[in-house]
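Colleague: I'd like a close look at one part of this chain, and then a walk outward from there. Could you take me through it in plain words?

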Amino acid sequence: MSDTAQHQKPRDWAVWFQSCSRWKKMGIASLFGGIASLGHPPFDLTILTFLGLIAAFAMYGLTTTARDAALVGWAFGAGFFVTTLHWIIEPFMVDIARHGWLAPFAMFFLCGGLAIMYAIAFGVARWLSPNRLVLVMTLTVTEVLRAYLFTGFPWAMQSYAWVDSILGQSAAWIGPHGLNTLIFMMAALLSFRQSKFSIPFWGSTAGLVAVCAITLWPAPKGPMADASAPVVRLIQPNAEQHLKWDPAMMPVFYNRQLDFTSADNPVDLVVWPEIAVPFWLHEAGRPLEQISQAARGATVVLGIQRTENQRFYNTLIAANSDGHIMGQYDKGHLVPFGEFMPAASFLAQFGIYGLAANQDGGFAHGSGPGLVDLGPLGLAMPLICYEGIFPHLVNGAPNRADFLLMITNDAWFGKFSGPYQHLAQARMRAIEQGLPMVRVANTGVSAMIDARGHIIDHIPLGQAGYLDVALPPKLTRTLYNRTGDLPLFLVLCLALAALAATKWRKSD
């Protein structure tokens, strides 16, 4: 080897990236998107999410046109969503003969469609300015829009990777979208190239070390329940989705829940999961009496289906010690293409039906966020499964509850990542509201969550069982509960509008 070759300086990575073909740049961006996904459950490697975002901002800084930036953004988003949401094929595998062929289309259209939001953020930011702080604003705005547009799907927001860290507690003040802004800001500032061993280099290094420390610093626990706190029994039957409606297995799962309800000492509240009773509500008089007898004086909350005026509802009911219904809530935010089908009659001609629907058109929408009065136990805000992923829905309760009450059937999400990601989002709802959450899942994870999002106790995924745990107290009303998403969204939109107006004036 010649002296020239030995002493040749390594090629600058920025120059190398800019010299890559468009497809190669997109491949690199997709790889870093996949790396960014590893901060989410079940991996929980939060620092990798942060490093992936730093790489995304660095690549954005190396683009020269809005088109190139949009392609890099789409590739990064596609890599992130495909890796994070790979569980989306699981619901189609429950009845593979009927729905299996739809799985690749669901993966492609959902992940590819969500990645368009990243493409818009990158492209619009680059059109406005090469400044990476503009990308912070456009990314936050598109994440807010992702939570609202086309019924919304704010699953796997970047902020959820920080639910276990002290940084995640800021969601009580600024909400998950404000936390997104903070995370994007830190990644943008640390993505700038610095000369080796210069003062900016050491500043960036110190900043990265500080961010790592914040990421690894565990969140504090919320206040513990005192001796007078009500005791709640969480019931987890572990009814796998492909067996849940098997006529031979329905009585097995039902009787299992009855046995769990009647076990050991009586408690104050018993909670069964989503659609836990294999009867329609109008046919459930005798089953409700059985359940109340098994509960031995406890209030019982459970999921059931009901029909009214030829419409079908996914419903939560609360029954008193006599089996009489004292509260009822119909699920308002349904899963599109799962619990209801847009253009249902048209799609039925091609054999396409909702995955969880009993009728061609699926379930009807309930009236929206509400409260259920559980008497001495206080006011509960009910959430049925999918509803728990929407921060603004939980923020939309007519009054402040004493605790959040989620019933869900995560058997649809498989056993690897989906249920754990859903649990992380439930924990973030508790942080945002400063309220404890009772979470009961058909196959898991059922958990009691305190008002800072800490899991007090739980029943592991894939296990049948019950858990008695005292309900922890709530905290004072949070700032996010008072303000919601609108102030942040308006400020960012006004700032972007001002940048756009400035650009237009300069172009005239």
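In which helix is W74 found?

Modeller: W74 is found in helix α5, which covers residues 66–84. Before we go on, a word on the ground rules: this is a predicted model, where local features need pLDDT of at least 70 and side-chain atom pairs count only at pLDDT 80 or more, while totals for chains, interfaces and linings use all residues. Residues are numbered from 1 along each chain as its sequence is written, and side-chain values use heavy atoms, with hydrogens and water left out. Helices (H or I, at least four residues) and strands (E, at least two) are DSSP runs, numbered from the N terminus.

Back to W74. With a relative accessible area of 31%, W74 is partly exposed; buried means under 20%, exposed over 50%, and partly exposed is in between (1.4 Å probe, protein chains only). W74 joins I116, I120 and V124 in a nonpolar surface patch of about 310 Å². Helix α8 (residues 103–128) gives the patch its largest share, three residues. To be in a patch, a residue needs over 30% relative accessible area and no salt bridge; nonpolar side chains (Val, Leu, Ile, Met, Phe, Trp, Tyr) are joined within 5 Å, like charges within 9 Å. The areas come from the Shrake-Rupley method with a 1.4 Å probe, and for residues only the protein chains shown count as cover.

Helix α5 also holds D68, which reaches back to R22 in helix α3 (residues 22–36), 46 residues apart. Their side chains meet in a salt bridge, 3.2 Å from N to O; the rule is a side-chain nitrogen of Lys or Arg within 4 Å of a carboxyl oxygen of Asp or Glu. D68 is buried at 19% relative accessible area, whereas R22, at 39%, counts as partly exposed.

By that rule the count comes to 12 salt bridges. One of them, R233 with D468, has its closest N and O atoms 2.6 Å apart. That one links R233 in strand β1 (residues 231–236) to D468 in strand β12 (residues 465–470), 235 residues apart in the chain. R233 is buried with a relative accessible area of 0%, but D468 is partly exposed at 32%. Then there's E339 with K331, at 2.9 Å between the closest N and O atoms, and both of those residues are buried. R306, E308 and D330 are joined into one network by salt bridges that share partners.

Strands β1 and β12 bring us to a sheet. It's an open one of six strands, ordered β5-β4-β3-β2-β1-β12, with mixed pairing; two strands pair if DSSP finds at least two bridges between them. β5 (325–330) and β12 stand at the edges with a single partner strand each, so one side of each has no neighbour in the sheet. From one strand to the next, the twist averages 30°. Strand β4 (residues 311–319) pairs with β5 in the antiparallel sense over five bridges, and A319 sits opposite I325.

Helix α13 (residues 250–262) lies across β1, β2 (269–271) and β12, at about 160° to β1. Helix α14 (residues 285–295) packs on the sheet too, touching β2, β3 (299–308), β4 and β5, with its direction at about 170° to that of β3. Contact here means heavy atoms within 4.5 Å; axes are lines fitted to C-alpha atoms, for helices over the stretch in contact, and angles run from 0 to 180 degrees between N-to-C directions.

There's another open sheet, with its six strands in the order β6-β7-β8-β9-β10-β11 and mixed pairing. Its edge strands are β6 (372–373) and β11 (455–459), each pairing on one side only. β10 (residues 446–449) runs antiparallel to β11, joined by four bridges, and M448 stands opposite D457. Helix α17 (residues 418–433) packs on this sheet, touching β8 (403–408), β9 (437–441), β10 and β11, and makes about 160° with β9. The β10–β11 hairpin has five residues between its strands, and G453 takes a positive phi near 85° there.

One last stop is T181 in helix α10 (residues 171–189). T181 is buried at 15% relative accessibility. Leaving out residues up to four places away in sequence, T181 touches V136, T140 and L488.
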